[in-house]
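The following exercises concern cysteine pairing and one pocket. Please work through each task before reading its solution.

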Amino acid sequence: MEAQRSSAGNATSAERRPLAKSKTPSRILWVILSVILFFAIVGISVVVIFSFTHRTTKPVLQIVRLTFQNHQGAQTNQSAFVDKSKNTVTYHVTSPSNHTTVVLFDSKNGYVCYKPADQNACYLRKMDDWDLENVQISFNLSEHRVNQLLLQNNQTKYYREFLGILPGRQANAASLGEAIQTLCEQTSIYWVRKGDGPGKKRLIYLCIDICFPSNVCLSVCFYYLPD
C-alpha cells in the first residue's frame, strides 16, 4: 500500500515538473516584449518631440528684398540675407547691367566687408554705431517676417561715403571670422578707412550703391590713398 502511495506520489510530482519548466519560457517572452515595448515608446516620443521642435523653430536665415532707384535714377534690386545665428546681414546688390556686388555686415566680429562685382578683391573696415543700427533694423524686419520693401524716392535720403584704400595693408583672413573668410575665399582683403574724398589729384576707383531699410541710400566710393 505504501509502495503504491510512493509510486503515485512520484508520478504526481513527475507530472508537475513539466508545468514548472513551461512557465520559464513564458516569463522570458514577457520580459522581451516589455523591453521592446519600452524602447518603441521611447523612440516614438523622440520622433514626435523632434518633429514638433523642427516645425516650431524659426528659420535662422531670411531674405529681405529691396527695390529702389540709385542716385542716377536707375532702378536697382537688392537682397538682404539676414542670419541671426551668425549676427550677419549680407546685401547682394544687382546693378542694371546685371552685375552683383556683395556687402557683408558682421556684427559678431565688428566688420563691414565689400566685395565688388567682377573684382578679385575685398575691402574691409570696422563697424561704427550707424552700421550696428542698420543691422538691428534688418534683424527686426526678419522677426516680423517682412520679405519685400519698396523704398519711396520722395522719402529716401541719399548720401555719398568715401573710403580710402590703404596700399600694402592686406588683412589676415584667418583673424576675421568665418563669414568674411567664406565671402573672400582665395581673394585679397584690403583695409579701407573713411575719408573726405580723393581730392583733385586722385581719381575715384569705383562706387557701390546700397540702400537700407531705414530709407537711407549710400553711394560708397573707393579711392587709393597715397603710400
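**Exercise 1.** In this predicted model, does Cys-113 count as buried or exposed, and what is the reason?

*Solution.* Buried means under 20% relative accessible area. Cys-113 has 0% relative accessibility, so Cys-113 counts as buried.

**Exercise 2.** Determine why Cys-113 forms no bond with the closest cysteine sulfur.

*Solution.* Step 1: the closest cysteine sulfur belongs to Cys-184, at 3.5 Å. Step 2: a disulfide requires sulfur atoms within 2.5 Å. Step 3: the distance of 3.5 Å is therefore too far for a bond. Step 4: Cys-184 is instead joined to Cys-122, with an S to S distance of 2.1 Å. Cys-122 lies in strand 6 and Cys-184 in the loop between helix 3 and strand 9, so this disulfide ties together parts 62 residues apart in sequence.

**Exercise 3.** Assign the handedness of the disulfides of Cys-122 with Cys-184 and of Cys-207 with Cys-221.

*Solution.* Step 1: the torsion about the S-S bond of Cys-122 and Cys-184 is about -105°, so that disulfide is left-handed. Step 2: for Cys-207 and Cys-221 the torsion is about 110°, so that disulfide is right-handed. Cys-207 belongs to strand 10 and Cys-221 to strand 11.

**Exercise 4.** Describe the lining of the second largest pocket by class and by element.

*Solution.* Step 1: the pocket holds about 260 Å³ of space. Step 2: among its 13 lining residues, those closest to the centre include Lys-86 and Leu-104. Step 3: the lining comprises six nonpolar, four polar and three charged residues. Step 4: helix 3 gives the most, with four residues.

How values were computed. Residues numbered from 1 in each chain as written. Predicted model: local features only at pLDDT ≥ 70, side-chain atom pairs only at ≥ 80, totals over all residues. Heavy atoms only, no water. 1 Å grid on protein atoms, 1.4 Å probe; cavity = no way out; pocket = protein on both sides within 12 Å on 5 of 7 lines; lining within 4 Å. Points joined across faces, edges and corners; volume = space filled by probe spheres on them. Helix = DSSP H or I, 4+ residues; strand = E, 2+ residues; numbered from the N terminus. Nonpolar A, V, L, I, M, F, W, Y, C, P; charged D, E, K, R; others polar. Buried < 20%, exposed > 50% of the residue type's maximum accessible area, 1.4 Å probe, protein only.
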